[in-house]
Amino acid sequence: MSEKQRIDEATGTSTVGHEWDGIEELNTPLPRWWLLTFYACVIWGLAYTVMYPAWPMISSATAGMTGWTSRGQLAQEMKAEADRRAPILAAIAAKPVEQIPGDEKLYATAVEGGRAAFKVHCVQCHGSGAAGSKGYPNLNDDDWLWGGDMGAIHQTITHGIRAPEHGETRMSQMPAFGGMFKPAELTSVVAYVQSLSGERKADAASAAGAPLFAANCVQCHGVDGKGVRAMGGPNLTDKIWLYGGDEASIRQTITKSRYGVMPNWNEKLDATTIKMLASYVHSLGGGEAAPDAGAAAAAAVPAATPAAEAPAANVK
Amino acid sequence: MSSNNDLLVDSALGVYQKRRGVFPKIVSGNFRRFKWLVMVVTLAIYYLTPWIRWDRGPYAPDQAVLVDMAHRRFYFFQIEIWPHEFYYVAGLLVMAGIGLFLVTSAVGRAWCGYACPQTVWTDLFQHVDRLVDGDRNAQIRLHNAPWGPAKIARRLLKWSIWLLIAASTGGAWIFYFSDAPTLAGQLFSGTAAGVAYSTIFVLTVTTFIFGGFMREQVCIYMCPWPRIQTAMLDEKSLIVTYKDWRGEPRARGKKQVTEDGLPAGDCIDCNQCVQVCPTGIDIRDGAQIGCITCALCIDACDKMMEQVGRPRGLIDYCTIDDAEIEKKGGTAKPIIETLRHPRTLIYLGIWTSIGAAMVFTLGQRTRLDLNVQHDRNPVYVALSDGAIRNNYTVKVRNMEARPKDVTLRIEGLKGAVAWAGESERTGATQSVTVPVAADSVLKVRLFVAAPSEGPERQDFTISALAANGQEKGDTDEVVFERPAGGQ
C-alpha cells in the first residue's frame, strides 16, 4: 500500500497510500491530545464498569465497587422526600382540624395531600372528580347530609356512615314504609315529597300526604322537610337527589328504604391523612364555615351591599 | 517502508501529530491597537457587568444583569423576563446567530480574529508568556532548554498567573447567577452553594487548558465555526490576503537579485508575518482554515514594507473579486462598496427586523397576565337551589415588582356570580378582588354559579384588571357548561 504514498501537489501533504478508483486520501493525522483524550475516555469507561453495576454474569451482574443500586437511590430519594414533608405533616397533625383552613399555607398543603389520598381511597365510590353518582354523594355541591364544615367532614371520614361493627359511626336508618302505608297513602306521600322541592305543584294528592309526612317523616327530615343533619336526614326541599327525585325513585326509596354505607377510615388511614382528606373535600366548593361563624355570616348577609362588599372577600 | 518515504514532509505516517508550539512575536500597528481595545472592552464587560447595580424597589433584586435560576427570572436592566417569555432570549440567540452571518458576510472571520472568547483569552495568555519568558526568541529558547531550576521557576510563575486568570474567569461567571456582593462574601467564607464551586472549578480548568495549552488547536480542531464560516465566505467577503501578484517571486536581498538580472517581487521573505501569527500559519499559502483573520500579519508586513521603502498593503484585507481586479492592474473598489453587497444587506435586514420586532413586542407586553382553565372533572356541579356551578383554575401573573390587588370580572353570563377560594357564594357578585404578591403567580379556584336555564355550552369572558384601574389587564374567553336538557 505504502508504495503509492506520494506528495499531493496542491496541498504539499503526503497521501496515505490508499487508492480507490483514483480517489486518494491525504494524510492529516489526529492531533496527539485528541488521541490521548480518546484513551482517557476508554480508561474512564472501563473504570466506570468496575465502579458501577455493569458486566452481565450468568444470573445477575457485577455489583460494582461503589455499591450503588437504582433501588438504593430510590430509597434514598424517598427518604429525603419524607424528611422534607415531615415538618408540615407534623404541623397538620398538631393543628385541630377546624383551624386548618385559617392557616393559608397549611390548608393548601393539606388540600394537595388530600387530593392524592382521595385518588387512592375515595374514588371507588365518589368518583375521580368527587362528583359521586346515584347513591354516592357529590362532594362538590353545597348539599350535605351530615354537615359540610371541617369538623363534620372530618367526623364522617373518621368514623364512616353506618359502618358495620364500629360503635362511633354515624348511624340512622330510614324505615321501609312498604308494609306500613296503603298504596293510596304511599302515592300521596310521594306527591307531598315531590311538592316540597317544586318537582310537582301542590294539589289534592300532595295535601293528603302532608299529615302522613308529619306523622312519620319529620323526626329525620324536619317539619319543613329541610332535613336534620344530626340524623343524616336529607333535605327534601332542594334540587339535589341522592337516589333520584322522580316519582318512581321516591316511591322506591319510601317503600324499601335506603341504607348507604361508608367505611370508618380511622382504622385504615392515619390521623394526618384523614385531616388532609377533610381539607380536600372541604375545598371542593361546598365547604361550610364552622357552625358558629356560619350563623353570624348568614345574619350579616342581608344587610351587606353586595357590590361594595364582595370584591373585598377574603380570598387567599 | 517505501522508497517514496523521502517525499514525506513530516516524519513517517503516524496516527497522531504532536502539537508544534506557536510563539507569536509582539507586533505594533493599527490592528494590534484595535485588538487591545477589543480585549479591554470585552474583558471589562465580562468581569464588571454583574457588579452593576440597578434599583428595582424592595421586591426584586438590585443587580442590573441577573439570571435568577432559583426564581426563574432573567433581569436585564429595566427588562425582566419570565420563563414563558423566554422567546425574547431565543430571539437574542437568533440575532446573535444572524449577527455572526452578517459580520462574516461583510468582513470575513472578524469574530474569530477579534471578539471570540477563545481568541481574547489566548491573546491574554500569550501576553503573559511574553511578560514571563520574554518575546518569541526567548520563548523558543526556554522551550528547547532542558528542564532545570530556572526553567521550572519560570514555568511555575507563568502557570500560576494563567491559573489566576483562569480562576477569576470562572469566578466571574457565577456572579451572573446570584447577587454578586453576597455571593462574593459567601465564596470566600466557604459558605456558597456547591454548584458555585464546581462551576468555578470546571471553568478554571477549561480556561487554563484552552488558553494555556490548546490555543489554536481549539480553533482548528474543536470549533465548528471555522468550517461554517469558510462555507459562508464568498468572493465579496473581506479576507486577509497576501497579494502574491505583487510579492512573488520572493527575494531575500532584493538588490542582489535584481543585479543578477532575476525577477523579484515585493516580498522580502522576512518571515515576520509567520512569526507574529497567533495560530502559527503562513498567510502566503493563501486563505486557510487556520487563519482567524486577526490581521496581525498586516501590521507586521506594513512595518517591513515601510522599512524597505515599498508601499504598504502587501498583506491586506481584500476580497477575491478585488484580488482579480488588482491582478489585472486595476484599482480595487473602495471598502464601503464591498460592504454594500446584497447578501450583507439581506442579513442586515433580517437582523434589524428581528431586533425591531422584539423591541416592539417588549413595549407592548402587559405585566398582568391571566390564564383560566375550566375544571373538567366534574364539568359542572348542580347546586341545591337548582343553579349550576362551574369551577375554574385561574392563574394571575403579576409580573411587576410590587404587590397588586387584581379584580377578576365575569362578563356575558346572565345572572351569574363568581367567588373564589374560600369565600362564599352568599353575597358574591360578578367580580372578585384578589391580592397578588409582587412578581409572582397567584393560583386560585374561581367558582361561577349561574341559573340552570341556558345553552349547554355558553361562552363568556373572565378578565383581570389591576384594582386601581391603571394598567392594561388581560381577558380570557372561557366556556360555561350546563347539564344536557337543563332543568
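# Questions on a predicted two-chain model

Modeller: Across all chains of this predicted model, the count of aromatic pairs comes to 29.

Biologist: Taking Y46(B) and W121(B), are their rings stacked or edge-to-face?

Modeller: The ring centres of Y46(B) and W121(B) lie 5.5 Å apart, and the planes stand at 85°. Planes over 60 degrees apart count as edge-to-face. The pair is therefore edge-to-face.

Biologist: How many residues apart in sequence are Y46(B) and W121(B)?

Modeller: Y46(B) belongs to helix α1 of chain B, while W121(B) belongs to helix α4 of chain B. The pair thus links distant parts of the chain, and the separation is 75 residues.

Biologist: Is W121(B) buried or exposed?

Modeller: Buried means under 20% relative accessible area. Y46(B), at 15%, counts as buried. W121(B) has a relative accessibility of 12%, so W121(B) is buried.

Biologist: Which residues form one aromatic cluster with Y46(B) and W121(B)?

Modeller: Y46(B) and W121(B) belong to one aromatic cluster. The other members of this cluster are Y47(B), W173(B), Y176(B) and F177(B).

Biologist: Turning to charged side chains, how many salt bridges are there over all chains?

Modeller: Side chains of opposite charge can pair when their charged atoms come close. A salt bridge is counted when a side-chain nitrogen of Lys or Arg lies within 4 Å of a carboxyl oxygen of Asp or Glu. Over all chains, the count of salt bridges is 40.

Biologist: Which parts of chain B does the salt bridge between E216(B) and R19(B) tie together?

Modeller: The side chains of E216(B) and R19(B) meet at 2.9 Å, N to O. These residues are 197 residues apart in sequence, so their pairing ties together separate parts: helix α9 of chain B and the loop between β1 and α1 of chain B.

Biologist: Is E216(B) buried or exposed?

Modeller: R19(B), its partner in the salt bridge, is partly exposed, with a relative accessible area of 29%. E216(B) has a relative accessibility of 5%, so E216(B) counts as buried.

Biologist: How many residues apart are E85(B) and R365(B)?

Modeller: E85(B) and R365(B) form a salt bridge whose closest N and O atoms are 3.0 Å apart. E85(B) lies in the loop between β4 and α2 of chain B, and R365(B) lies in the loop between α17 and β7 of chain B. Both residues are buried. In sequence, E85(B) and R365(B) are 280 residues apart.

Biologist: Which residues are joined with D133(B) and K158(B) into one network of salt bridges?

Modeller: D133(B) and K158(B) form a salt bridge, with the closest N and O atoms 3.3 Å apart. D133(B) is in helix α4 of chain B, and K158(B) is in helix α6 of chain B. Both are buried. Salt bridges that share partners join this pair into one network with D129(B), R155(B) and R215(B).

Biologist: In chain A, how far apart are the end C-alpha atoms of helix α1?

Modeller: Helix α1 of chain A has 20 residues, and at 1.5 Å a residue it should span 28 Å. The placement of its ends agrees with this, because the end C-alpha atoms are 28 Å apart.

Biologist: Which elements do the buried residues of α1(A) pack against?

Modeller: W33(A), L35(A) and T49(A) are buried in α1(A). In chain A, the buried residues of this helix pack against β3. In chain B, they pack against β1, α8 and α9.

Biologist: Is W55(A), of the nonpolar surface patch, buried or partly exposed?

Modeller: The patch, of about 750 Å², is made by L36(A), F38(A), Y39(A), V42(A), L46(A), W55(A) and M57(A). W55(A) is placed in the loop between α1 and α2 of chain A. At 46% relative accessibility, W55(A) counts as partly exposed.

Biologist: Which residue does a cis peptide bond join to P249(B)?

Modeller: P249(B) lies in the loop between α11 and α12 of chain B. The omega of its cis bond is about -10°, and the residue joined to P249(B) is E248(B).

Biologist: Is D439(B) buried or exposed?

Modeller: D439(B) has a positive phi of about 50° although it is not a glycine. D439(B) is found in the loop between β12 and β13 of chain B. With a relative accessible area of 11%, D439(B) is buried.

Conventions. Residues are numbered from 1 along each chain as its sequence is written. Chains are lettered from A and ligands numbered from 1 in the order in which they are written. This is a predicted model: local features need pLDDT of at least 70, side-chain atom pairs count only at pLDDT 80 or more; totals for chains, interfaces and linings use all residues. Side-chain values use heavy atoms; hydrogens and water are left out. Helices (H or I, at least four residues) and strands (E, at least two) are DSSP runs, numbered from the N terminus. The expected span of a helix is 1.5 Å times one less than its number of residues. Buried means under 20% relative accessible area, exposed over 50%, partly exposed in between (1.4 Å probe, protein chains only). Contact means heavy atoms within 4.5 Å. Patches are made of residues with over 30% relative accessible area and no salt bridge: like charges are joined within 9 Å, nonpolar side chains (Val, Leu, Ile, Met, Phe, Trp, Tyr) within 5 Å. Accessible areas come from the Shrake-Rupley method with a 1.4 Å probe; for residues, only the protein chains shown count as cover. Rings of Phe, Tyr and Trp (its six-membered ring) pair if their centres lie within 6.5 Å; planes under 30 degrees apart count as stacked, over 60 as edge-to-face and the rest as tilted.
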